[in-house]
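Work through the exercises below with the sequence and the model side by side. Try each task before reading its solution.

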Amino acid sequence: MEGTAKQEIIRQLQEKILKLEGFKPHTGILNRIDFGLADIESAFPFGTFPTAAVHEFISPTAVHATATNGFIASIVAKLMHAGNFCLWISTKRSLSPIGLTHFGIAPHQIIFIDITQDKDALWVMEQALKCNALAAVVAEMEEVSFSESQRLQLAVEKSNVTGFLHRRRPRHENTLACVSRWKIRSMASRVPDGLPGVGYPTWEVSLEKVRNGRPGKWQVSWQNNRLVHLSKETIPTTARPNHEQYA
């Protein structure tokens with residue numbers, strides 16, 4: 001009986017820690033945002049994509065960066081469903097505002113800030129993440145240190161804003177204090193019914209690290225304003241224990 005009581009205390013403490021890290025249990029269908037990630041969400045604690053957290057994306061090439069921006073846009077669109085704005089910061093912006101309409105985002109809902117240096121982009125991102133009037137903050141840059149990422153995570157814990165740190169061609173894939181690390185790779189597009197022409201955007205989504213979750217790999221396609229999973233089974237990445245902390 002004593003052992004059961006201890007286990008319950010540990011479970012409650014773990015749940016409190018997860019909530020502080022942005023992982024929240026389901027509070028009812030009306031309060032839950034449907035990100036359309038389906039099987040991908042099962043990789044996170046409570047089976048819910050964590051908001052009020054910072055997610056890291058790494059793109060080794062320009063082609064990867066384009067695919068990553070599309071995937072990020074599909075998530076940001078859901079966060080902006082209540083009409084709030086998103087701040088998009090970049091040191092080398094190649095994103096077309098008109099292209100965002102393909103993912104359900106009106107260009108006038110995005111505030112673009114173009115900056116030349118990473119250190120300035122990080123400062124803007126940190127200040128923006130403190131503003132709870134924003135739905136999300138996206139920043140494209142190269143290098144970020146662990147201490148800099150810690151400041152970003154502290155900012156979102158107070159404001160509940162969700163951050164997306166997109167690292168383009170970083171020299172090092174160093175550990176950061178983000179809740180997850182993703183890599184998005186473009187795949188051959190899927191053409192409906194084998195017809196000729198350009199098909200739906202298709203990506204290989206790799207969740208390489210996730211705090212207290214299960215990394216995995218999925219193939220998805222963006223069709224008719226939603227993500228469609230091409231395979232229900234995940235392709236495991238390098239094995240990691242479920243309790244691994246990505247900090």
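## Exercise 1: Helix α3

Helix α3 covers residues 118–129, which makes 12 residues. At 1.5 Å a residue it should span 16 Å, and its end C-alpha atoms are 16 Å apart, so the two values agree. The model is a predicted one.

**Task.** Find which residues of α3 are buried, and which elements they pack against.

**Solution.**
- Step 1. Set the cut-off: a residue is buried when its relative accessible area is under 20%.
- Step 2. Apply it to α3. The buried residues are D118, A121, L122, V124, M125, E126, A128 and L129.
- Step 3. Recall the helix geometry. With 3.6 residues a turn, residues three or four places apart point the same way.
- Step 4. List the partners. The buried residues of α3 pack against the strands β1 (54–59), β2, β3 (110–114), β4 and β5 (162–168), and against helix α4 (146–159).

## Exercise 2: The overall layout

**Task.** State how many helices and strands the protein chain has, and in what order they run.

**Solution.**
- Step 1. Count the elements. There are four helices and nine strands.
- Step 2. Read from the N terminus on. The order is α-β-α-β-β-α-β-α-β-β-β-β-β.
- Step 3. Check burial. Of the chain's 247 residues, 46% count as buried.
- Step 4. Check how far apart in sequence the contacts reach. Take the contacts with a separation of 6 or more: 70% of them join residues 24 or more positions apart.

## Exercise 3: Helix α2 and the largest core

**Task.** Determine how many residues the largest nonpolar core has, and which element gives the largest share.

**Solution.**
- Step 1. Size the core. It holds 37 residues. Those with the most contacts inside it are F71, V76, F164, W182, W203 and V205.
- Step 2. Find the suppliers. At least two residues each come from α2 (62–79), β2 (85–90), β4 (134–141), β6 (180–190), β7 (200–210) and β8 (216–223).
- Step 3. Pick out the main one. α2 provides the largest share, eight residues.
- Step 4. Look at the helix itself. In α2, 13 of 18 residues are buried, so the cut-off of under 20% leaves the helix mostly covered. From first C-alpha to last, α2 reaches 26 Å, close to the 26 Å expected at 1.5 Å a residue.
- Step 5. Follow one residue. Beyond its neighbours within four places in sequence, F71 touches L37, F57, W182, I184, W203, V205 and L227.
- Step 6. Separate off the other core. Apart from the largest core lies another, of 22 residues, including L87, V124, M141 and L152.

## Exercise 4: The second largest pocket

**Task.** Describe the lining of the second largest pocket: how many residues, and of which kinds?

**Solution.**
- Step 1. Take the volume. About 240 Å³ of space lies in this pocket.
- Step 2. Take the lining. It has 15 residues, and T66, A67, N69, G70 and F103 lie nearest the pocket's centre.
- Step 3. Assign elements. α2 and β7 each give two or more residues to the lining. α2 gives the most, with six.
- Step 4. Sort by kind. Eight lining residues are nonpolar, seven are polar and none is charged.

## Exercise 5: Positive phi angles

**Task.** Compare A52 and N225: is each buried, partly exposed or exposed?

**Solution.**
- Step 1. Note the angles. Phi is near 55 degrees in A52 and near 70 degrees in N225. Each is a positive value in a residue other than glycine.
- Step 2. Place them. A52 sits in the loop between α1 (2–20) and β1. N225 sits in the loop between β8 and β9 (226–229).
- Step 3. Read the accessibility. A52 has 4% relative accessibility, so it counts as buried. N225 has 44%, so it counts as partly exposed.

## Exercise 6: Partners distant in sequence

**Task.** Where do R168 and A62 lie, and how far is R168 from E140 and A62 from R169 in space?

**Solution.**
- Step 1. Place R168. It belongs to strand β5. Its relative accessible area is 17%, so it is buried.
- Step 2. Pair R168 with E140. They are 28 residues apart in sequence and 6.7 Å apart in space, C-alpha to C-alpha.
- Step 3. List the contacts of R168. Outside its neighbours within four places in sequence, they are S59, A65, K92, S94, E140, M141 and E142.
- Step 4. Turn to A62. It is found in helix α2. Its relative accessible area is 34%, so A62 is partly exposed.
- Step 5. Pair A62 with R169. They are 107 residues apart in sequence, and their C-alpha atoms are 8.1 Å apart in space.

Definitions and conventions. Residues are numbered from 1 along each chain as its sequence is written. This is a predicted model: local features need pLDDT of at least 70, side-chain atom pairs count only at pLDDT 80 or more; totals for chains, interfaces and linings use all residues. Side-chain values use heavy atoms; hydrogens and water are left out. A nonpolar core is a set of buried Ala, Val, Leu, Ile, Met, Phe, Trp, Tyr and Cys residues joined through side-chain atoms within 4.5 Å. Buried means under 20% relative accessible area, exposed over 50%, partly exposed in between (1.4 Å probe, protein chains only). Contact means heavy atoms within 4.5 Å. On a 1 Å grid over the protein atoms alone, a cavity is a set of points where a 1.4 Å probe fits but cannot get out, and a pocket is an open set with protein on both sides within 12 Å along at least five of seven lines; lining residues have an atom within 4 Å of a point. Grid points are joined across faces, edges and corners, and a volume is the space filled by probe spheres set on the points. Ala, Val, Leu, Ile, Met, Phe, Trp, Tyr, Cys and Pro count as nonpolar, Asp, Glu, Lys and Arg as charged, and the others, Gly among them, as polar. The expected span of a helix is 1.5 Å times one less than its number of residues.
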